[in-house]
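Subject: Structure handover

Hello,

Here is the structure for you to take over. The sequence and coordinates come first, and my notes come after them.

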Amino acid sequence: MEELTGAQLIAEALKAQNVEYMFGIVGVPVIEVAMAAQAVGIKYVGMRNEQAACYAASAVGYLTGHPAVCLVVSGPGLIHALGGMANANMNCWPVVVIGGSSDQNQETTGAFQEFPQVETCRLYSKFSARPGSLVMIPAVVEKAVRSSMYGRPGACYIDIPGNMVNAKVDQKTVRFPSCCPPPPVSLASNLEISKAVTVIKQAQRPLLIVGKGAAYGRAENEIKELVELSGLPFLPTPMGKGVLPDDHPNCVAAARSRALLQADVIVLLGARLNWILHFGFPPRFSPDVKLIQVDICAEELSNNVRATAALLGDVRAVVSQLVDVLRSDTWTYPTDTVWWTNLREKIASNAQISKALSLQNSLPMNYYTAFHHIAELLPKDCVIVSEGANTMDIGRTMLLNYFPRRRLDAGTFGTMGVGPGFAIAAAVLEKAQHTGRRVVCVEGDSAFGLSGMEVETMCRYKLPVIIIVINNNGIYSGVDKETWREMEKMGDMTIIKGTGHQSVKDRTQV
């Protein structure tokens, strides 16, 4: 009889589901889980904080399409990881969090770090469960991995009581499910495809918006064919940058506001009408705009604005459907329309403004000057990680992306502090694949401070990461004495909030 411990069962089950990476911080009761994972060939990265570990694991999920694991201890360790789980869920990235917990026979007694972990994680995940016995561990692991990828991707949680970790069971009594297949590919209905193509052809001012979902769905080749076949202008969302190169002639990112406001038909490719796209509402959008929406999640269709054509399905497959119809009709949007002229004029005008700002010699230098010189030195194929307020927003326009999934930023949840964790994840993958690509992490000083100790992790694993901190004193350092005296005279101290950042936002040092 060959016996396996609970830790070995977890490791074998993860390996059977093709999980390759684990990030975390070990301690009681999960030390043996990390050791068992490494014994079966899973790459373990020890981090400095559970939140950053969960950011890293979720970034691997985005970059590879397959979840990594975040391993945490009970109580506070799991609580620290909740921020990463929430961020993964909002970004729709697959990740599996495994948390140790109090022994089962000590529940409700005030055990060490006792906390209602399964119940808590239900608010932050697609799936949250504790195996009822050792023999159930492989089945729960398979379901967590599968649930993290299927439908709209997200976070899943597995709770492992301390007494399960070293308990043993006869291997013959354990059923190991086979590796779950890749997510099923679904197609949009032919009726909706026909409706979408008709609306596109009738558009006077059409616009494609390429979202993070298109990057995750690996739809770059299909979208490239769609753009070059149709001749339509496109606008990438922040992490949709690079699905098509930022210097593509059809990219109108430099005329973003005008494109959004004046477009009469917008095709959303894996992008959501949330705060990043101003909800699709006026005055940022035309009140009469027609939307063609491509999304894998039915609940997202017609969210905030009613879709004229709702294309439910895998973005890569649905774009192929659109391409097939357009190719058969040999239709192309003309390059000499008033709409194209209007967009090109705005692109040229904004380019002149950015160039003038970037060539200023004032000290301290402004953001544009800093990013101008950084951009000159960046390799085209590097991975850019960016976070901070103005650092991220202005950097998005100045630091171009040429390949898909090479930009990681604060994302849908607007989370600060993700940068070092994301950079570690990207660097671990680049190092494992021997690509030679560099990971460049461009951080605001406040954002960097939230996870700055992860620099030690980068050094310990000898990861190819370059960190650039844009120091604009962005941690709300207060106001000058004269302003303070004026505020005291007014007797209204509530206006303190936010003024520190506003007073120094244009004073930038590198």
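The notes below go through sheets, one helix, cores and cysteines in turn. Please keep in mind that this is a predicted model.

Sheets

One open sheet has five strands in the order β10-β9-β11-β12-β13, with parallel pairing. Its edges are β10 (234-236) and β13 (309-312), each of which pairs on one side only. On average, neighbouring strands in this sheet are turned by 15° against each other, direction ignored. Within it, strand β11 (residues 265-269) runs parallel to strand β12 (residues 290-295), and five bridges join the two. Ile266 is placed opposite Leu291 in β12. Helix α8 (residues 190-202) packs on this sheet and touches β11, β12 and β13; the direction of α8 makes about 135° with that of β13.

Strand β16 (residues 439-444) also deserves an entry. Six of its six residues are buried. Val439, Cys441 and Glu443 lie on one side, and Val440, Val442 and Gly444 on the other, so both faces are covered, since a residue counts as buried under 20% relative accessible area. Strand β14 (residues 383-387) runs parallel to β16 and is joined to it by five bridges. Strand β17 (residues 465-470) is also parallel to β16, with six bridges between them. Glu443 can be followed in both pairings: Glu443 is the bridge partner of Glu387, and Glu443 stands opposite Val469 in β17.

At the start of the chain, Thr5 belongs to strand β1 (residues 3-5). Thr5 counts as buried because its relative accessibility is 14%, and the cut-off is under 20%. Leaving out residues up to four places away in sequence, Thr5 touches Val165, Asn166, Ala167 and Lys168.

Helix α6

Helix α6 (residues 137-149) has 13 residues and spans 19 Å from its first C-alpha to its last, close to the expected 18 Å. Of these 13 residues, 10 are buried. Among the buried ones are Val140, Val141, Ala144 and Val145, and also Glu142, Ser147 and Ser148. The elements that cover them include α1 (6-16), β5 (95-101), β6 (127-129) and β7 (155-161). Gly151, which follows α6, has a positive phi, near 65°.

Cores

In soluble globular proteins, nonpolar side chains tend to be buried together. Here the largest nonpolar core has 103 residues, of which Phe23, Ile223 and Leu408 touch the most other members. Helix α3 (residues 50-64) gives the most to this core, with 10 residues. Beyond its neighbours within four places in sequence, Leu408 has contacts that include Tyr62, Leu63, Trp93, Met239, Phe422 and Ala426. Apart from this core lies another, of 38 residues, including Leu134, Ala144, Ile158 and Val169.

Cysteines

How many disulfides does the count come to? The count is zero. Cys156 is in no disulfide, and the nearest cysteine sulfur, that of Cys180, is 11 Å away. Cys156 counts as buried because its relative accessibility is 0%. Cys459 is also in no disulfide; for this residue the nearest cysteine sulfur is that of Cys441, 13 Å away. Cys459 is exposed, with a relative accessible area of 55%.

Regards

How values were computed: Residues numbered from 1 in each chain as written. Predicted model: local features only at pLDDT ≥ 70, side-chain atom pairs only at ≥ 80, totals over all residues. Heavy atoms only, no water. Pairing = 2+ DSSP bridges. Helix = DSSP H or I, 4+ residues; strand = E, 2+ residues; numbered from the N terminus. Axes fitted to C-alpha atoms, helices over the stretch in contact; angles between N-to-C directions. Contact = heavy atoms within 4.5 Å. Core = buried A, V, L, I, M, F, W, Y, C linked by side-chain atoms within 4.5 Å. Buried < 20%, exposed > 50% of the residue type's maximum accessible area, 1.4 Å probe, protein only. Disulfide = S-S within 2.5 Å. Expected span 1.5 Å × (residues − 1).
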